[in-house]
Each structure stands twice: as structure tokens, then as C-alpha cells.
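Trainee: Could you take me through one part of this model slowly? I'd like a close look at a pocket and what sits around it, in plain words.

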Amino acid sequence: MEKYWQADIETMSREDMKALQSERLVKQVRHVYDNVPYYRDLMDKKGVTPDDIQSVDDLHKLPFLSKADLREAYPTGMLAVPMKDCVRIHSTSGTTGRRVVAFYTQNDVDLWEDCCARAITAAGGTADDVCQVAYGYGLFTGGFGLNGGSHKVGCLTLPMSSGNTERQIQFMRDLGATILCCTPSYAAYIGETLHDMGLTPDDIQLKAGIFGAEPWTEEMRRSIEQSLGIKAYDIYGLTESSGPGVAFECCEQTGMHINEDHFIPEIIDPETGEVLPEGTVGELVFTSITKEAFPLLRYRTRDLCVLSRKKCSCGRTLIKMAKPKGRSDDMMIIRGVNVFPSQIETVLIEQGYSPNYLIEVDRKNNSDTLDISVEMNPEQFSDKVKDLQEKERSLAGAIKTMLGISPKVHLVAPKTITRSEGKAVRVIDKRKLHD
Amino acid sequence: METIKQFSIFVENKQGKMAELTRLIADAGIDLRTLSLADTRDFGILRIIVNKPAETEALLRENGWTFKITSVIGVKVPDCPGGVATVLKALNEANVNVEYMYAFVNRTPGRADTVICVDDEEAAFSILRSKNIDLLTEAEAYDI
């Protein structure tokens, strides 16, 4: 019997959900227009007033927000309530530019934690579980988000934060953790360390993992599931819209249910901004309809994915989003071809290599170069140079078939590519240095 | 069959890697009987014969090096014109392919001991034996 955290919402009829969204949207647009001058200016420029928004069908009339807007409005330009009404901030890592700071009222925190509780429940979590949160705690939303959700569900919560992997495994064993929450790359590393310590999945009681905050592939899911002996669930979110829990996977593992009562999703053409029909790949856009402190309307996530209302066997009626193909700013254009790191990862794991790799893009003599360093498994090592070169050639061939461009593949020794305890760095694009 | 244990170690093409590896072996009091390095743009494979194979295996494993133990044949090649040619001719007659070969640092006057890795050890042994070509024993190779 499938369990829900908020059954009334999670299994609500489409008509009721639409009515709820419309009611909340109308209120939210008025709240933003009255309290966020930055967005009011955008609406005025577009000639849209709050009165033009009567239901979700009018959503397309509103102007978009982009990350550039949030940077311009840094730090408080998007704040819609007095700062004294806020109880917390979180922030993006700022690796791609100026940080974005998001504000939360107590009500914002409560609703966010409900979203995370839905995810934990969908992964089979109950008050009987021991939930190990190995996302970073701090400005990053991962740790506190899942921590709050775990409390709500009533799990015994282990607030490990990331790092100190042997201690993670020791606590996992000593306290019988049943659910692990962290980034997929850290989950893979924990699995690897478990085996290095001479242990197997039989030595731990883990049954499920909730992994997100970075793109990962189906192949990586299977590899983590095997190394830890668990079912691995995807979770989606972004600091700009609260954090993890915007969408979550259920037992079907075929996409993530979006918490539509809080976030209205749209898919748009990233070039024209035009709303695309359901089932088309495009850029995901979210409108927060319940957030008080930091309510973003039509925020462009830069994540490319597809939405589906196909009936789900779990009984939830919430719309599903496919695993994002990649963030549009993760996408590299190499020799004119669009390349996502996830495509390369898929080939590596299919060909029996580890998910530890590093992509280096550079430009030599006005031509882009693509170099991929891949760790060998010890069993893949051969004494003969020609065997290793053949492995490199065959892997380069498989990647060329996938991407349409030829990479140079370099086999490297196991454990030589730096492991990540948070979001993994998979790509180094040196071309930017030349510009 | 008298094969010799050779360690083949994956060495990344990075400055200091080879020095690090040979220092590790030296500090464990292990003596290299002979060595050969195969190298490419990205990596090298260091092939070594040592005096203490069991200790070497444990040492490399503990320190996380990627390696394989390969069996090779040690041949006592006469140190005179045509010495190696005779051996290779014999192997060729038996359709045995040589993957790679390298020599020991010479210890016995009149003999150039050579390490040969072949694709078919059994055929190699029988042809070398039938041609009365002497092979190194493990004890001789490791110089125990």
C-alpha cells in the first residue's frame, strides 16, 4: 500500500489542483507586485497588471526571471517581506558568478520541509526509519532541507553533513541507518569506500537513498543501487525555489512528481520563450505560488527536461518531470555540437568503467579539443600496451557514436580522480581562458 | 613449466611517478633484478623482476598501485652473434608470438639472460626444450 505524506494534495484531482493553483497564483502575483519593485517594473514594462492574472491560464502573460535578474537584485532586491519576518537564508554556491541569496519565513521553511517529507515518504520512509543526511549543512540547501523533512516524518535523523566518509559508514552501521540522503556522486563514493573497507551491502541496513543536487544518469543509479544494496530515488530542487523537494521520485522511478501545489511548472523554448506543449523537451520554468519571502514568478531554471501527466502507478496525480538532461549551462558546445556530461557518463558506465571521470575542453589551433580521463578498474588493467590502447580506442569510438565528435580518451589509475563529497566537478573548460 | 613472476605496474605519465614507485620498492629493501618500461603518451607500464615477489605484491597492494602479476619465460641466451636470433627462430617455428622481451643486467659471462613474454607458453616451452635452449629457474631469476 503506497504511503503519502499529504494524501489530499498528492492525489488531488486535476480540476481541484488547477483551482488551488489559480487561487494561490492570483494572490501571489498581487503580493509580488505590491512588494517587489524589481518585478513590478518588469510587469509594467510588459504592460501586465495583477488584474490580468485571473487563473493559471494567464501565467504565460507574466515576464520571466533569470539568474541574471537575481544577481542584479542581490542581495535583497527580490525580498517580498520585511527582513525581520525572515528566519533563514540559504545561498547558491556562486561558482558560476555572484551568489544568489534566498530568504525564508517560518512558513516558507515549514512548507519546504513538507515537500522533503513527501520525498522521504515516497522513498518508503516512516517514523521507524533512521535517516542519514550526508548533504552539506550550511548555506547549501541540501542538508537543512532533508533534515527538516526527516524530522517531520519522525525518522531518527543523523545530521552527518558531507565528508569524513569512514565515519559516515561507521555511523551507518552502528546506528542502523536505513535511508541515505546526499549527492549521487557522494553516494557512489560512499559505496566505493564501503567496499574498500572490506564490507558489503549485507553489513549495512540501508534500504533507500534520496539523491539530488546534481545531474546523474540511469546507469549511475544502477551502479549506486548495486554498491549500496538500495533503491535510489531522485530528488530535484534549486535554491531559488527553496531547495530540494520541488520534485521527487516515487516507487515507479520513472520521473519526479512536482509539488504543484507550491510550484507551477512550464516548459518553454529557451530561444523564443514560447510555452511548449506537454511532452516536448525544453527549459523548465517555475512559479512559486506559496513562498512568502522570496517568491519567484516564472523563474527560468536553465534545466532542460520534459513534463508528463501520464497516470502513475503510485497513485499520485502530481505532474512528473523527467530527469533533466542537464542544466543548459552545463551544456558544452564543442566543434558546434551540443554535449552534456551526462551523455559521456552514460557511455562510460555502459562500457563497464567507473563513474569517475574528468572532461577537459580546450581550443588548439582554433579547433576545440575534448579530452576525457577515465579511471580503470583494476581488472581492466592489462600488461600489454596495445590492449590498453585498444580499450582507449574502443571507448573513444563509443563516445563518438553517442556525441558525433571524437574525444581523446585517457585511462588513468583507479582513485586518481578527486572524489567529491558534494557536487562533483566533472568538466574543466579551458577555452574560457583564451577569450 | 618454469615461469618467472613479473610485476607489471601502471604508471601515469606524470612527473615524479616513476621516482615515487622505485623509492617505495627500495625503501622496502626489495632489489630489482631487471626492469623494462613501455610508455605511451598517457601512461607507462613498468615491468620488473624482483628478489622478493611476495613482499612486492603486498607492498604494491597496500599502497594502491594498479598492477598485474604476469608469467614470463627467462631464457639463457648465449652471448654471441646469433644468440637471440636462434631463440626467436625456434619460437617462430612453433608459431609462438613474442609480446615483448628485454634483457637482464648481465651477471654470468658468456650469457645474456632474456625475459620473453609470449602468447603461448606451453608451445614455447616445448620448442625451447626440444632445441636444448636453457631456461632460467625462478631461483636464478630472483637471485635468491
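Mentor: Sure, and keep in mind that what you see is a predicted model. Start with the second largest pocket and the elements around it. On the chain A side, helix H8 (184-196) and helix H9 (218-228) each supply at least two residues of its lining. Chain B joins in as well, with strand S1 (4-12) and helix H1 (17-27) each supplying at least two residues. So which element gives the most to this lining? That's H8(A), with six residues.

As for volume, the second largest pocket has about 910 Å³. There are 34 residues lining this pocket, and the closest to its centre are Glu192(A), Asp196(A), Pro378(A), Pro414(A) and Lys415(A). If you sort the lining by class, you get twelve nonpolar, twelve polar and ten charged residues.

Since both chains help to line that pocket, let's turn to where they touch. Here 19 residues of chain B are in contact with 20 residues of chain A. The area buried between chain B and chain A comes to about 1500 Å², and carbon and sulfur atoms give 60% of that. What about charged pairs? Two salt bridges are found across the interface of chain B and chain A. Try finding Arg47(B), which forms a salt bridge with Asp383(A), the closest N and O atoms being 3.2 Å apart. The interface of chain B and chain A also has six residue pairs in polar contact, counting those with both residues at pLDDT 80 or more. On the side of chain B that touches chain A, the elements giving two or more residues are S1, strand S3 (43-50), strand S4 (67-78) and strand S5 (98-103) of chain B. S1(B) gives the most to that side, with five residues. You've met S1(B) already, as one of the elements that supply residues to the pocket lining. By class, the side of chain B that touches chain A has eight nonpolar, five polar and six charged residues.

Now for the enclosed spaces. Rolling a probe the size of a water molecule over the atoms shows where empty space is left. In the whole structure, a search finds two cavities of 30 Å³ or more. The largest cavity has a volume of about 70 Å³, and helix H5 (residues 106-122) of chain A provides the largest share of its lining, four residues. Among the residues that line the largest cavity are Asp108(A), Trp112(A), Ser242(A), His262(A) and Lys291(A). By class, this lining has four nonpolar, four polar and two charged residues.

Stop at Ser242(A) for a second. This residue is in the loop between strand S7 (231-238) and strand S8 (243-249) of chain A. Although Ser242(A) is not a glycine, its phi is positive, about 135°. Most residues other than glycine have a negative phi, and most peptide bonds are trans.

That brings us to the second largest cavity, with about 50 Å³ of space. Its lining includes Leu70(A), Tyr74(A), Pro75(A), Met78(A) and Phe294(A). How does this lining divide by class? You get eight nonpolar residues, no polar and no charged ones. Two of the names in this lining, Tyr74(A) and Pro75(A), are joined by a cis peptide bond with omega at about -5°. You'll find Pro75(A) in the loop between helix H4 (67-72) and strand S1 (86-91) of chain A.

One last stop, back with the salt bridges. Over all chains, the structure holds 40 of them. In one of these, Arg431(A) pairs with Asp368(A), and the closest N and O atoms are 3.1 Å apart. This pair links distant parts of the chain, 63 residues apart, with Arg431(A) in helix H12 (residues 431-434) and Asp368(A) in strand S19 (residues 367-375) of chain A.

Technical notes
Residues numbered from 1 in each chain as written. Chains lettered and ligands numbered in written order. Predicted model: local features only at pLDDT ≥ 70, side-chain atom pairs only at ≥ 80, totals over all residues. Heavy atoms only, no water. 1 Å grid on protein atoms, 1.4 Å probe; cavity = no way out; pocket = protein on both sides within 12 Å on 5 of 7 lines; lining within 4 Å. Points joined across faces, edges and corners; volume = space filled by probe spheres on them. Nonpolar A, V, L, I, M, F, W, Y, C, P; charged D, E, K, R; others polar. Contact = heavy atoms within 4.5 Å. Buried area = accessible area lost by both parts, 1.4 Å probe. Salt bridge = Lys/Arg side-chain N within 4 Å of Asp/Glu carboxyl O. Polar contact = N/O pair within 3.5 Å; in protein donor to acceptor, adjacent residues only side chain to side chain.
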